[in-house]
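User: Please take a close look at one part of this structure, the metal site, and then at the pockets. I am in my first year, so explain each term as it comes up.

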Amino acid sequence: MSSTQGQVIRCKAAISWEAGKPLVIEEVEVGPPQKMEVRLKILFTSLCHTDVYFWEAKGQTPMFPRIFGHEAGGIVESVGEGVTDLKPGDHVLPVFTGECKECRHCKSSESNMCDLLRINTDRGVMIEDGKSRFSKNGQPIYHFLGTSTFSEYTVVHVGCLAKINPAAPLDVVCVLSCGISTGLGATLNVAKPTKGSTVAIFGLGAVGLAAAEGARISGASRIIGIDLNASRFNEAKKFGVTEFLNPKDYDKPIHEVIAEMTDGGVDRSVECTGNVNAMISAFECVHDGWGVAVLVGVPNKDDAFKTHPVNILNERTLKGTFFGNYKPRSDIPNVVEKYMNKELELEKFITHRIPFSEINKAFDYMLRGEGLRCMIVMDA
Ligand SMILES: NC(=O)c1ccc[n+]([C@@H]2O[C@H](COP(=O)([O-])OP(=O)(O)OC[C@H]3O[C@@H](n4cnc5c(N)ncnc54)[C@H](O)[C@@H]3O)[C@@H](O)[C@H]2O)c1
Ligand SMILES: [Zn+2]
Ligand SMILES: [Zn+2]
């Protein structure tokens, strides 16, 4: 039993006080875990674009002060009432969407949209009592995605924690906590390209390149990467992307360019940009008769997807996914094992490493489109 069990822990957290303003590292109080909750010590966390959208709050509901962060690796410090399958010392990856193991979704092999713990970007409190576990001088600070990993300690519902092999290096498998599992699963579990097929990937950040990795593993013969940032193309070569398209280089819609180079369209496309026009192009570039497009990017709250219904009548399929359809508790430990067995490479996604005190640099890198994942080391 840890000496801090049942007590409030004082530790450092990166607080976002205002939309778009640098985070401030300050001491916060983290309350003990309540029923079905777990308190974790975060060792490593990385930045995903979803954090940036809600921090900018341009196309999303503002909620401040807030502690962002949802891609991380940590160790259980203490558990609340009713938690039986985790204990202090266990290594875990927190996940923004959970698995209660009891609802219809959790019991279905086709869904990871748990009724109780599915992603909720606008909830800033714990489900159990509608309160925050974080405070500063008595003022509550909102949670983000039920994870809030930009803190040395955080409280998470047990259903949002994947217990993983303690031998797995947390500073690497951390990226499976969101982005890489999402991209990989979007291809392997949702788009499901067959061997020899042609796959288009929109957006070559970490999520898109993980989707490309999924296409490579599936035996795709052509992987066409589309990005507005030409500097992405160099990195993408390490991920099996065979052709590159920058929509800025063409004076016609990119789905038409893709249709011309693929004799009518790609077999599968995976959209990992968050831009609604890219989502529409990703759908319109798949071949009629059999093409499947998968949306992964998080849109602005007022976006609307518009296409002519005949594009759908022509036997194209549009799908979407959160977390690559993986169930966090049941599936993620096995994805970690794929890394341990060298079936999956993760190091190449980690392009920067910084101490927690420099967390704002990770935001700068992402806003400049520089690198893929920036690993933030909590106790450096
Ligand atoms: N569905 C999920 O479960 C899930 C999980 C994680 C991330 N996401 C979302 O996936 C997206 C990618 O995340 P990331 O962390 O890899 O971000 P990133 O910023 O690293 O990568 C996004 C890439 O898309 C490119 N891009 C932007 N607009 C484009 C357009 N119109 N056409 C072509 N390329 C364009 C950017 O240049 C960038 O290279 C984000 O929208 C993120 O919120 C979704
Ligand atoms: Zn994410
Ligand atoms: Zn459930």
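Analyst: What follows treats the zinc site, then the two pockets.

The model is predicted: local features need pLDDT of at least 70, side-chain atom pairs count only at pLDDT 80 or more, and totals for chains, interfaces and linings use all residues. Residues are numbered from 1 along each chain as its sequence is written, chains are lettered from A and ligands numbered from 1 in the order in which they are written, and side-chain values use heavy atoms, with hydrogens and water left out.

Three residues coordinate the zinc ion (ligand 2): Cys 48 through SG, His 70 through NE2 and Cys 178 through SG, at 2.0 to 2.3 Å. Donors here are N, O and S atoms within 2.8 Å of the metal (3.2 Å for Na, K and Ca), and water is not among the atoms, so sites may look incomplete. Along the sequence, the donor residues follow the spacing C-x21-H-x107-C. Cys 48 and Cys 178 are 130 residues apart and link distant parts of the chain. Cys 48 is in the loop between strand E3 (37-46) and helix H1 (49-56), while Cys 178 is in the loop between helix H3 (170-173) and helix H4 (179-191). Helices (H or I, at least four residues) and strands (E, at least two) are DSSP runs, numbered from the N terminus.

Cys 48 counts as buried because its relative accessibility is 5%. Cys 178 is buried too, with a relative accessible area of 5%. Buried means under 20% relative accessible area, exposed over 50%, and partly exposed in between (1.4 Å probe, protein chains only).

Now the pockets. On a 1 Å grid over the protein atoms alone, a pocket is an open set of points where a 1.4 Å probe fits, with protein on both sides within 12 Å along at least five of seven lines, and lining residues have an atom within 4 Å of a point. The largest pocket holds about 1,000 Å³ of space. It is lined by 46 residues, and Tyr 53, Gly 203, Cys 272, Thr 273 and Gly 274 are the closest to its centre. H1, helix H5 (206-217), helix H8 (276-284) and helix H11 (359-368) each give two or more residues to this lining.

The second largest pocket has a volume of about 340 Å³, where a volume is the space filled by probe spheres set on grid points joined across faces, edges and corners. Its lining has 21 residues, and those closest to the centre are Val 296, Gly 297, Val 298, Pro 299 and Phe 322.
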